[in-house]
Amino acid sequence: MSPQDASQMVEAAGSTVPPLVAVNDFVVKFANVNGSGSASANQLFAKAILRMGIPVTPRNIFPSNIQGLPTWYEMRISDRGHMGAREGTDLMVAMNPQTWDEDVRSIRPGGYLFYDNTKALPASKFRPDITVVGMPLTSFTNAAYSVPRERQLFKNIIYVGALSALINIDPKVIEDLLAEQFRGRDKLIAANHKALHMGRDYALAHLPCPLGLTLVPSDKVGDRIFIDGNTAAALGAVYGGATVCAWYPITPSSSLPEAFTRYCERYRVDKETGKKRFGIVQAEDELSSIGMVIGAAWNGARAFTATSGPGISLMSEFIGLAYFAEIPAVIFDVQRSGPSTGMPTRTQQSDITICAYASHGDTKHVLLIPEDPNECFQFSAAALDLADRLQTPVFVMLDLEIGMNERLTAPLAWDDNRRMDRGKVMTAEDLQSGRAFGRYLDVDGDAITYRTYPGTHPTRGSFFTRGTSRDEFARYTEAGDAYQRNMERLLKKWDTAKTLVPPAIRTDAGAATKYGVIFYGSTSPAIPEALEIIAAQCDVVLDQLRIRAFPFGPEVEKFIDGHETVFVVEQNRDAQLRSLLINELETSPKKLVRVLHYNGAPITAEFIAAGIGAHLIPAPLREAAE
Amino acid sequence: MTYLPKPKLAHPDLPKNALGFTRRDYEGPISTLCAGCGHDSISAAIVRACFELDLPPHRIAKLSGIGCSSKTPTYFLGNSHGFNSVHGRMPSVLTGANLANRELLYLGVSGDGDSASIGFGQFSHSMRRGVNMTYIVENNGVYGLTKGQFSATADRGAKNKRGVANLDEAIDMVSIAIQLGATYVARSFSGDKDQLVPLIKGAMQHTGAAFIDCISPCVAFNNHDGSTKSFDYVREHNEAVNFLDVITGRDEITVDYAPGTTEVVRQHNGSLLKLRKLADDYEVTDRVAAMDFLEVRKARGEIVTGLLYVDPDAEDMHGYMQTHDTPFNAMGDDELVPGAAVLAKLNASLR
């Protein structure tokens, strides 16, 4: 450390904006270069805050690239429990010169900038209305370590140490986390602890600790767990009894089958023989993935695939076959920004239409739409049951925001008395006893027919599955009346589906209101905060309805009928769920007001509040204001 | 009329196999293909092969894609489950079905349009994976159902019915299959049932990916002068490398051919393939030699038929994946669901 470096440490700005002061309620953003090993350090930072009992919602913002491009890790710390994204950064940890200008610009007035001041930067690179905290990270780290890889990794831990002093993270918590992470590798633990304290000690000696943004231990995390949606969905597939997974790598879904593989290797390998109770195929493309899923499900195994929008496009022909031939299939669509390759590492809810009506001809498909990792787990297992029960494809609609970000969520729960619902399957005994079998014959009145698995009985119950039209006994026919009867039965089965899918959840404002808001999936965490803002700014309350599935149950129609204006908040350009509401419920389009966010970033409470608020101000006033 | 059931009456003296079934028990409804279609001969060969192997019909799953060839599974094995899937995608559906229940026999039926054009990728990858199946391509070089367009197995220069020559190089399915790791590869001709039936039987007794390219002239669109897939052309250019006999457990094993002309290959599951050699220098278990031989003979304009390659000790996909002996579709909650206690531990590790 040269005295010159020390003099640069605090470059507080001579501005009139007072520095931000907040306890357990601010946004920290790390600007990094991908491939630099920063992800694990950032995760450590987030987890330490959680261990202090303070809710944190992190978001990875990353490019479609492996090394060298900018990434950000944004952490919303909120003792009030707000988990939606928030605009603006309170503390920017600027570790990437490439994005410096953009990063400095994103700091809120009065906010803080932490940066590596090994090389001096001209004053023009800073802002007068923020507090600048410089630390010579590179020279400091290079003095302590000589191996290039160590320099890179420990630099990350050193800045975590320095930040722990700047915002009051309990160092013991970080030490424990490092010890857990490197359990059994004592040398690594000691080395990481050393780096942590080097950074911390430096900050305590030379930097203005603490800043105006501080943390105090809290009790707001409770028993919640920290997990991403793809991992939770994969676990749901293990618990739901899936044995076959066929998939093709595509961001942001790949980590789902990869997690399924990990958990199967852990829980599904016969201890004595080493043999596996699962078959996972990385297929040659999405057409093949869905083909394998359909083949396996036709033959009585529970099977799924995971993909994103482009994969759904490729699977569409097969999805129509599964709908028409009535074969179960579970498809996880972790949505990203389309169309085409679009923004493959940015979030969106833009596959709603394509999944709801995938394939040619008249088709409709069941969608389950989870709001968080806990629901990803639940809906994953439920989808496997529903697909078997309804003998049709079932989509689980995640998005990048839910799928690839770790999120605080209720602990995963399983009832050991629960049994897989394999739906209507005739056994050899059923057939032997003389029960009549018609593969497409509706004997129960719910439009769901009985099936048999291949190989069940020597002389009874075999049938021919085809995408072409057939009669109730699966015999090929091009007779118009038989075709039409079958198509009408499929519609009736759709009505049965309405009684089986998770109903929409309604939350009333507590006071009478003519306004309602409909939303779904990853928009969910931003809604309570948005409604708080609207209540405060516009003095208006809204009833809420969170859609969890397609087809819509009667509760959705009732909600819309009970309100004069219903805002439909979505993360796509074309108001896709709104279209489904209009199409399926014949709701008046005038009643459904679009609030649409589709720039690839997660939707924020501020955005929703502004979108809804714009309609709440009476038009004459709005004009006057303009 | 789109469905023609066959009369159930059968002659009381029809021979029965070890399971007490007659050949009629392996048949299906009446074919709706053109009279004289080569595909019907292949269906009949499948019926005979399954009858002679004493296979319980319900333990066979027959799968196909789209096209004339893919229609045929309706016309045989009426007591088996069948799946007429989408164009070119039979291999993936069959792979999934095979994953779900390793105990059934899988018969994939496809055509040259289905497997060499639209489904070339899926065909290739199912061979690579060693899916345990008998995959038959009923190869006529044209699209029949859409009225005579060339497929990807049509030879360059071959002429269609209107006299227009095909401009593109042909895909040789057997060479590709051997290259991609199929472990039983044969070519035959729908007009030569004596050769075809044993080849199907051998394939059904093989563990691993078994592929048969069966040239099957299209009487409606590709049986004219100038075609290289017509009955006459194939008969003239057919060069069989061997003649196969499949010996199952109940057959008496006699090797009554002169030494040097007959080879007996014992497959992994105990079945024996007795090969009467027609080409002296042909070594059926030598993959590289087989590929070489095929290229040389192709250059001479010959259509090499017979059992072209077999790896008697082949593994299949389940072997590679080390899957459990119990079929997945027979596993219940106790075998598959880790339970609440495991989940509680997982929760604890995620805080």
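In this predicted model, helix H8 (residues 229-239) of chain A and helix H9 (residues 255-267) of chain A have axes that come within 8 Å and cross at roughly 50 degrees. An angle of that value makes H8(A) oblique to H9(A). The crossing of the two helices, H8(A) and H9(A), is right-handed.

The contact between these helices can be described residue by residue. On the H8(A) side, the participants are A:Asn230, A:Thr231, A:Ala233, A:Ala234, A:Leu235, A:Ala237 and A:Val238. They meet A:Ser255, A:Leu256, A:Ala259, A:Phe260, A:Arg262, A:Tyr263 and A:Cys264 in H9(A). Sorted by class, the contact of H8(A) with H9(A) comprises 10 nonpolar, 3 polar and 1 charged residues.

Attention now turns to charged side chains. Over all chains, a search of the whole structure finds 55 salt bridges. Three individual pairs are listed below, each with the distance from N to O.

| Arg residue | Asp residue | N to O distance |
|---|---|---|
| A:Arg435 | A:Asp430 | 3.8 Å |
| A:Arg506 | A:Asp543 | 3.9 Å |
| A:Arg573 | A:Asp574 | 2.8 Å |

In the pair formed by A:Arg506 and A:Asp543, A:Arg506 lies in strand E18 (residues 505-507) of chain A and A:Asp543 in strand E20 (residues 543-547) of chain A, so the salt bridge ties together parts that are 37 residues apart in sequence. The surroundings of the two partners can be stated separately. A:Arg506 has 38% relative accessibility and therefore counts as partly exposed. A:Asp543 is buried, because its relative accessible area is 6%, and the cut-off for that class is under 20%.

The remaining two pairs can be placed by the accessibility of their residues. A:Arg435, the partner of A:Asp430, counts as partly exposed at 36% relative accessibility. In the salt bridge of A:Arg573 with A:Asp574, the arginine A:Arg573 counts as exposed, with a relative accessibility of 56%. Its partner A:Asp574 has 45% relative accessibility and so counts as partly exposed.

Salt bridges in this model also form a network. It links A:Arg302, A:Asp385, A:Asp388, A:Arg418, A:Arg422 and A:Arg451. The aspartates in this network are A:Asp385 and A:Asp388, and the arginines are A:Arg302, A:Arg418, A:Arg422 and A:Arg451.

How values were computed
Residues are numbered from 1 along each chain as its sequence is written. Chains are lettered from A and ligands numbered from 1 in the order in which they are written. This is a predicted model: local features need pLDDT of at least 70, side-chain atom pairs count only at pLDDT 80 or more; totals for chains, interfaces and linings use all residues. Side-chain values use heavy atoms; hydrogens and water are left out. Axes are lines fitted to C-alpha atoms, for helices over the stretch in contact, and angles run from 0 to 180 degrees between N-to-C directions. Helices (H or I, at least four residues) and strands (E, at least two) are DSSP runs, numbered from the N terminus. Angles under 35 degrees count as roughly parallel, over 145 as roughly antiparallel, 65 to 115 as roughly perpendicular and the rest as oblique. A crossing is left-handed if the near helix is turned anticlockwise from the far one by less than a right angle, and right-handed if clockwise. Contact means heavy atoms within 4.5 Å. Ala, Val, Leu, Ile, Met, Phe, Trp, Tyr, Cys and Pro count as nonpolar, Asp, Glu, Lys and Arg as charged, and the others, Gly among them, as polar. A salt bridge is a side-chain nitrogen of Lys or Arg within 4 Å of a carboxyl oxygen of Asp or Glu. Buried means under 20% relative accessible area, exposed over 50%, partly exposed in between (1.4 Å probe, protein chains only).
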